[in-house]
Amino acid sequence: MSRPAVRVLRLGAVPYAEALRVQERCVAAARAARGPAAQPGPGAARSGPAALPGPPAESVVLSEPARPVYTWGLRGAPGAAAAAALRARGAALVAARRGGHITFHGPGQLLAFPVLDLRRRRLPLRSYVAGLEALVLRLCRRLGLGTARALPPPFTGVWMGDSKLCAIGVHCGNHITSHGLALNCCTDLSWFDHIVPCGLEGKGVTSLSHELGQHVAVSHVLEPFLDSFQEVFDCTLVSSEDPGD
């Protein structure tokens, strides 16, 4: 049986808001691809040729935030004074429809927003989150970071010691996922000093560049990341320029 196809949209360095817009178009396309739920009743006439297969219903949106931005999910919105202080440092603030507390996104970070149909995949949400962790762990092993690890619930993400390397925050509506993960490649980690990342007191943050002792750009990890994605989610990746093509 052939593996399902998943479209890959590589946006490059774009504003965080643009990545969100593309993601929402992918979510709409995934919902539309399900088609009407109703099936013809007994004795109903069937006419016309069989429908041709359309574009892949699932997608993964890859981007690098072009400018600094702090985002938060269902919890952890900054108060008025804290928000003003963050804006004064030159960062935008965005409330996101995902789980998790406040975190930072910016240049040098890989954002991956998989738009997958968990109902079709018969995949529970917790198993999906574990899959995101597994693919980043595979990527780390490919890069020589064999000590990277995932922690047991309620923690999420991928860690080096007590420092988070990759944050995960997802949304799932009608069994279709959005948002996803943020992997620090060569991120300026000082931006995290002004918040409690992901609401975790006493924990740090790190990056691939810091752990490997060399500059690791987002572009350097895209191919091994996609290789790991295909393996974990058992799919074939297809390049695409538009979520509706």
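Here's a quick tour of the ring contacts, one helix and the charge pairs in this structure. Keep in mind that this is a predicted model. The structure has eight aromatic pairs and 10 salt bridges. Helices α4 and α6 turn up in both topics, so they're good ones to find in the viewer: an aromatic pair joins them, and so does a salt bridge.

**Aromatic rings**

- Let's start with Tyr128 and Phe233, whose rings make a tilted pair, with centres 5.8 Å apart and planes at 45 degrees.
- Tyr128 belongs to helix α4 (residues 125-143) and Phe233 to helix α6 (residues 218-233), so this pair links parts of the chain that are 105 residues apart.
- Both of these residues, Tyr128 and Phe233, are buried.
- Elsewhere, four residues make up one aromatic cluster: Tyr70, Phe104, Trp191 and Phe192.
- Rings can have a charge over them too: Lys203 lies over the face of Trp159, 5.8 Å from the ring centre.

**A look at helix α6**

- With 16 residues, α6 spans 21 Å from its first C-alpha to its last, which is close to the expected 22 Å.
- That doesn't make α6 perfectly straight, though: look for a kink of about 25 degrees centred on Pro224.
- Pro224 is also one of the buried residues of α6, and others include Val218, Leu222, Phe225 and Phe229.
- Right after α6 comes Asp234, which has a positive phi, near 45 degrees.

**Salt bridges**

- The basic idea is simple: side chains of opposite charge can pair when their charged atoms come close.
- Asp117 and Arg34 do just that, with their closest N and O atoms 2.9 Å apart.
- Asp117 sits in the loop between β6 and α3, while Arg34 sits in the loop between α1 and β2, so their bridge ties together parts 83 residues apart in sequence.
- Both Asp117 and Arg34 are buried, and together with Arg120 they're linked in a network of salt bridges.
- Arg138 and Glu231 form another bridge, with the closest N and O atoms at 2.8 Å.
- Since Arg138 is in helix α4 and Glu231 in helix α6, this bridge ties together parts 93 residues apart in sequence.
- Arg138 is partly exposed, at 32% relative accessibility, and Glu231 is partly exposed as well, at 37%.
- Arg126 and Glu133 also meet in a salt bridge, at 3.6 Å from N to O.
- Which of those two is buried, Arg126 or Glu133? Glu133 is buried, because its relative accessible area is just 4%, whereas Arg126 counts as partly exposed at 38%.

Methods: Residues numbered from 1 in each chain as written. Predicted model: local features only at pLDDT ≥ 70, side-chain atom pairs only at ≥ 80, totals over all residues. Heavy atoms only, no water. Phe/Tyr/Trp six-rings, centres within 6.5 Å; stacked < 30°, edge-to-face > 60°. Helix = DSSP H or I, 4+ residues; strand = E, 2+ residues; numbered from the N terminus. Buried < 20%, exposed > 50% of the residue type's maximum accessible area, 1.4 Å probe, protein only. Lys NZ or Arg CZ within 6 Å of the ring centre and 35° of its normal. Expected span 1.5 Å × (residues − 1). Bend = angle between axes of the 7 residues up to and from the residue. Salt bridge = Lys/Arg side-chain N within 4 Å of Asp/Glu carboxyl O.
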